[in-house]
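Here is a short briefing on one protein structure. Look over the sequence and the model before reading the points.

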Amino acid sequence: MNSKLESYSPVTVIGAGAIGASWTALFLANGLEVRVNDISETLEEDVTKQLEQIKPTLKDLGYEVENLTQNLTFEKDLKKAVTGAKIIQENGPENVEFKQNLYAELEDYISEDAIVLSSSSSIPTSTIIEKMKDSSRVCIGHPFNPPHLIPLVEVSYGSNTDENVIEEVMDFYTQLGKKPVKIKKEVVGFVANRLQSALFQECIHLVLNDVVDPKDVDTIMEQSLGIRWASDGPFLSFLLGGGKHGFEGFMNHLGKQIPYIWKDLGHPELNEENTQKLIERVNEKYGSRNIDELEQERDAKEINVIRNLAEIRGEDSE
């Protein structure tokens, strides 16, 4: 572990669900001292099991996993768990009242130089910190699931967040090998989930209207946009789509057709009937597959994408 990353140790992970366990694995793999806090009666058993499941992926990413848990402790008492911690990564329920009460309580226990980060996928910082007296060291550090694998972390913050803290947060995630991106303005769902939601809305519309089935949608994404966007992202892709005239050429030519498609996009209702129909159609295509098996395949494919792109760009994939 480099000295810069060591300065952020110990780390406390609040909430030991899938996201919390994934963060725990990544922190441990990078040599940090990690304390896990949760009220679950089976806390140690649950986290240990999840870490064992994550180990193969960490190993494929180049991490040493033989002694992964040597710097891991469990502490159900919140005060003891966060006292002296340099970084607190919170992964509690996506519930405004829960988070507001938790952060108000944390303020009584944490050190003056501690940074509190929330993995919230939709609740903005300004809402989470409403009951705090001093929220200058609180940010959103929203990962894309699973955090130990997917590089992106969206860093969102409120008007009271200290600028130096924001830079520390960016550095912390960078030292972990993540790709943090500052979200300049608070919006519900941040950016990645908004993009995902917009696309998934149309996926649902097409399936409910029998245009394609769920597996066809997945194939179309995997064999076209998934490849393109993993390589370059939408804006660079469309810039290249404009040929020698670049993005201006694209907008002046093909871009003029986009509003006509926008007008025809669907706005499906996720009522009980449609939700059940979607579940049935997805299960019809994938229900015979084991979830653990599917997760292993997903991780293997994503590791190869990350590794190959990093190699092309001359970056370190770990």
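The points below cover the sheet, a helix across it, selected residues, a pocket and the unusual backbone geometry.

The model is predicted. Its sheet is open and built from 8 strands, with mixed pairing. The second largest pocket holds about 480 Å³ of space. Two cis peptide bonds are described here: one joins S9 and P10, and another runs from N145 to P146.

**The sheet**

- The strand order is β3-β2-β1-β4-β5-β6-β7-β8.
- The edge strands are β3 (72-74) and β8 (179-182), and each of them pairs on one side only.
- From one strand to the next, the twist averages 25°.
- In general, strands of a sheet pair through backbone hydrogen bonds, in either a parallel or an antiparallel way.
- Both kinds of pairing meet at β7: β6 and β7 run antiparallel, whereas β7 and β8 run parallel.

**Strand β7 and its partners**

- Strand β6 covers residues 138-143 and strand β7 covers residues 152-156; 4 bridges join them.
- On the β6 side, P143 stands opposite V153 of β7.
- Another 4 bridges link β7 to β8.
- On the β8 side, V155 of β7 stands opposite K182.
- How much of β7 is buried? The count is 4 of its 5 residues, so the rest of the structure largely encloses this strand.

**Helix α3 over the sheet**

- Helix α3 spans residues 43-60 and lies across β2 and β3.
- The helix runs at about 150° to β3.
- Helix α3 also supplies at least two residues to the lining of the second largest pocket.

**N37 in strand β2**

- N37 belongs to strand β2, which covers residues 34-37.
- Is N37 buried or exposed? N37 has a relative accessible area of 7%, so it counts as buried, the cut-off being under 20%.
- Its side chain reaches the backbone oxygen of K76 at 3.0 Å.
- Beyond its neighbours within four places in sequence, N37 is in contact with V13, I14, G15 and A16, among others.
- The contacts of N37 also include E75, K76, D77, L78 and A81.

**The second largest pocket**

- Its lining is made up of 18 residues.
- Closest to the pocket centre are Q53, I54, E295, R298 and D299.
- Helices α2 (18-29), α3 and α14 (291-313) each provide at least two lining residues.
- Which element gives the largest share of the lining? That is α14, with 7 residues.

**Cis peptide bonds**

- Most peptide bonds are trans, and most residues other than glycine have a negative phi.
- The bond between S9 and P10 is cis, with omega about 5°.
- P10 sits in the loop between α1 (3-6) and β1 (11-14).
- The bond from N145 to P146 is also cis, and its omega is near 0°.
- P146 is placed in the loop between β6 and β7.

**Positive phi**

- F190 is not a glycine, yet its phi is positive, near 60°.
- F190 is located in the loop between β8 and α8 (192-208).
- The relative accessible area of F190 is 0%, so this residue is buried.
- D210, also not a glycine, has a positive phi of about 60°.
- D210 is found in the loop between α8 and α9 (214-231).
- D210 has a relative accessibility of 57%, so it counts as exposed, the cut-off being over 50%.

**R194 in helix α8**

- R194 is part of helix α8.
- With a relative accessible area of 47%, R194 is partly exposed.
- Apart from its neighbours within four places in sequence, R194 is in contact with V187, V188 and G189.
- How far apart are R194 and V282 in space? Their C-alpha atoms are 22 Å apart, with the two positions 88 residues apart in sequence numbering.

Key:
Residues numbered from 1 in each chain as written. Predicted model: local features only at pLDDT ≥ 70, side-chain atom pairs only at ≥ 80, totals over all residues. Heavy atoms only, no water. Buried < 20%, exposed > 50% of the residue type's maximum accessible area, 1.4 Å probe, protein only. Polar contact = N/O pair within 3.5 Å; in protein donor to acceptor, adjacent residues only side chain to side chain. Contact = heavy atoms within 4.5 Å. Pairing = 2+ DSSP bridges. Axes fitted to C-alpha atoms, helices over the stretch in contact; angles between N-to-C directions. 1 Å grid on protein atoms, 1.4 Å probe; cavity = no way out; pocket = protein on both sides within 12 Å on 5 of 7 lines; lining within 4 Å. Points joined across faces, edges and corners; volume = space filled by probe spheres on them.
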